[in-house]
2 protein chains.
Amino acid sequence: MKRDSRLSGVLHVLLHMAEHKEPLTSEALARMMQTNPVVIRRILGGLREQKLVHSEKGHGGGWRISCDLNRITLYDIYTALGSPTVLAMGNRTESPGCLVEEAVNAAMNQAFDAAEALLFARFREVTLAQLSEDFHRRMKKRKSICS
Amino acid sequence: MKRDSRLSGVLHVLLHMAEHKEPLTSEALARMMQTNPVVIRRILGGLREQKLVHSEKGHGGGWRISCDLNRITLYDIYTALGSPTVLAMGNRTESPGCLVEEAVNAAMNQAFDAAEALLFARFREVTLAQLSEDFHRRMKKRKSICS
DNA sequence: CATCATGTAATAGTATTTGTTACATGACTT
DNA sequence: AAGTCATGTAACAAATACTATTACATGATG
């Protein structure tokens, strides 16, 4: 199953932005992510609507973080992306006419909902600031940064 | 994201098989599931290797359950399917050269692993027999069965 | 031996993420 | 005011994976 890596990607981008006071262009971010500038604009577009980032056109333009890293959790980023599907597995039919399938769905949904709820709880526990701190810890150990 | 419904599908099939003493053909099962016989053979093929079901060719042939419903959990079925991907989200790169991405991956994997572990724990708690019981409870309330 | 049912390969259909090109819009610089 | 830079978007191509379908071989039953 192909896995959606937008959340992973946008976190990567945000942490890089957090290291720069000046705006970073889509092109610069795309180089860091080894992808296309348009992809960057797409995933950051959703975050802009939530006022998490700010973009400016023209000379000296680009993207900047416009929120408090201490107050934003992974869950906020996740919802800003449009709350993409978490589970790669699901029920064949959500409203079956078959009682067998109803019983199956009930058991499956119970497990799925619990797993999803736990994931979201974890997401809510982690702030961008914590991720940034973790990055700096790793920086002190190794002295390299990807560019 | 398109969701893998094989687990849901195979449980549906197994519970129908549990209601019949005689073997059920792929075609009959496909009708119940509103899909193609080959799809049934494919998903049941993995279960046959684990000795969970048995298939016979020729007249009077078809599929039968060959395990104790009380001893088989959803997790056993899940692994018999080849342990398909659980999460629709994942990291961009698992072995990044970038420390920022390392920090992101660490946080994400922690949450992902926890969610997956919980899902598996739930799967292990539910036996096929329990699903079948739940089905019969629902049967008593409504008096219809899908065909 | 004819029929039935599985076993399997090959192919097409469908959906989604990701990557790319192209061009319009707006902002800063000279 | 013109030119350059960067975003904003639409449109399209590529890659991947589940699902569906067709075709035919294999084996078992009557």
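Here are some worked exercises on a predicted model of two protein chains and two DNA strands.

**Exercise 1. Describe the fold and overall dimensions of chain A.**

Step 1: start with the secondary structure. Chain A has 6 helices and 2 strands.

Step 2: put those elements in order. Walking along the sequence, you get α-α-α-β-β-α-α-α.

Step 3: look at the dimensions. The C-alpha trace spans about 60 × 35 × 25 Å along its principal axes.

Step 4: set chain A against a globule. Its radius of gyration is 19 Å, while a compact globule of 147 residues would come in near 15 Å.

Step 5: check the burial and the contacts. In chain A, 36% of the 147 residues count as buried. Take the contacts between residues at least 6 apart in sequence, and 62% of them join residues at least 24 apart.

**Exercise 2. Work out which parts of chain B meet chain A.**

Step 1: count the residues on each side. Chain A puts in 48 residues, and chain B puts in 48 residues too.

Step 2: find the elements on the chain B side. Those giving two or more residues are α1 (6-18), α5 and α6 (128-141) of chain B. The largest share belongs to α5(B), with 17 residues.

Step 3: sort that side by class. You'll find 29 nonpolar, 10 polar and 9 charged residues on the side of chain B that touches chain A.

**Exercise 3. Find the residues that touch the most other members of the largest nonpolar core, and trace the contacts of one of them.**

Step 1: look at the core itself. The largest nonpolar core has 82 residues, and Leu131(A) and Leu131(B) touch the most other members.

Step 2: follow Leu131(B), ignoring neighbours within four places in sequence. On the chain A side, Leu131(B) is in contact with Ala103(A), Val104(A) and Ala107(A). Within chain B, the partners of Leu131(B) are Leu11(B), Leu15(B) and Val126(B).

**Exercise 4. Decide whether Glu116(B) is buried, exposed or partly exposed, and place it in chain B.**

Step 1: locate the residue. Glu116(B) sits in helix α5 (residues 99-125) of chain B.

Step 2: apply the neighbour count. Glu116(B) is partly exposed because it has 18 C-beta neighbours inside 10 Å, and a residue needs 20 or more to be buried.

Step 3: look for partners beyond four places in sequence. Glu116(B) touches Val86(B) and Leu87(B).

Step 4: add a spacing. Thr85(B) lies 31 residues from Glu116(B) along the chain, and their C-alpha atoms are 9.8 Å apart.

**Exercise 5. Map the protein surroundings of each DNA strand.**

Step 1: take strand D. It is surrounded by 29 residues, the closest being Ser26(A), Ser5(B), Asn36(B), Val38(B) and Gly58(B). The elements giving two or more residues here are α2 (26-33), α3 (37-49) and β2 (62-65) of chain A, plus α3 (37-49) of chain B. The largest share, 4 residues, comes from α3(A).

Step 2: now take strand C. There are 29 residues around it, and Ser5(A), Asn36(A), Val38(A), Gly58(A) and Ser26(B) come nearest. Two or more residues come from each of these elements: α3 of chain A, and α2 (26-33), α3 and β2 (62-65) of chain B. For strand C, α3(B) gives the largest share, 4 residues.

Step 3: sort both surfaces by class. Near strand D you get 7 nonpolar, 14 polar and 8 charged residues. Near strand C the count is 7 nonpolar, 14 polar and 8 charged residues.

Notes. Residues numbered from 1 in each chain as written. Chains lettered and ligands numbered in written order. Predicted model: local features only at pLDDT ≥ 70, side-chain atom pairs only at ≥ 80, totals over all residues. Near = placed C-beta within 6 Å. Nonpolar A, V, L, I, M, F, W, Y, C, P; charged D, E, K, R; others polar. Buried ≥ 20, exposed ≤ 12 C-beta atoms within 10 Å, placed from the backbone. Contact = placed C-beta atoms within 7 Å. Core = buried A, V, L, I, M, F, W, Y, C linked by C-beta atoms within 7 Å. Rg over C-alpha atoms; globule rule 2.2 N^0.38 Å.
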